[in-house]
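Colleague: I am new to this structure and would love a close look at a single part of it. Could you pick one strand and walk me through its surroundings?

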Amino acid sequence: MEEMEHMQKITPFLWFDGNAEEAVDFYVSIFKKAKKGALSRYGEAGPGPNGSVMTVEFQIEGEDFVALNGDSEFKFNESISFVVNCRTQQEIDYYWEKLSRGGKKVACGWLKDKFGVSWQVTPIILMDLIKDKDPAKRDRVMKAMMKMIKIDIEKIKKAAKGK
């Protein structure tokens, strides 16, 4: 990620209320394949205070992001979220607890972290089952999921089998 040399075509650019570096440090501490990249600072022209952090590049699981220190004018909302695809309940439990710390556990695998960013901590099997060819199975799985805050893989599997 040295100066984002491979430069992916589309990079999520996240506006924080003066705490971009704190947010990046939080995300990098949670994801095992994550790293903080280059920082840029505001100069005399502003709009932030001269010398303060303007942007922080970071990478999670091979995906590049940029965090910007803006101000309180804009807020994150649920219309945009990041999905964390998980294979095991242990992985779901880990990301659920870490990402929701200081934030809010919402519903159906959704949470809002302490910075207001929305995440979906989702088992891959759930995504596969809601695309199943059998509409009755899809409905059972959706009904089970709608009752959950954090997704429980075993309950999803039981619903898929009609138990």
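Modeller: Happily; here is a tour of one strand and its two partners. Please keep in mind that this is a predicted model, where local features need pLDDT of at least 70, side-chain atom pairs count only at pLDDT 80 or more, and totals for chains, interfaces and linings use all residues. Residues are numbered from 1 along each chain as its sequence is written, and side-chain values use heavy atoms, with hydrogens and water left out.

Our strand is β4, residues 63-69. Strands here are DSSP runs of E with at least two residues, numbered from the N terminus. Six of the seven residues of β4 are buried, so the rest of the structure largely encloses this strand. Buried means under 20% relative accessible area, taken with a 1.4 Å probe on protein chains only.

Now for the partners, bearing in mind that two strands pair if DSSP finds at least two bridges between them. One partner is β1, residues 13-16, which runs parallel to β4 and is joined to it by four bridges. Within this pairing, Phe-13 has Val-66 of β4 as its bridge partner. Another partner is β3, residues 53-60, which pairs with β4 in the antiparallel sense over six bridges. Here Gln-59 is matched with Asp-64 of β4. To see how the chain gets from β3 to β4, look at the turn: the two strands form a hairpin with two residues between them. Glu-61 sits in that turn and has a positive phi of about 50 degrees.

Note on methods:
Buried means under 20% relative accessible area, exposed over 50%, partly exposed in between (1.4 Å probe, protein chains only).
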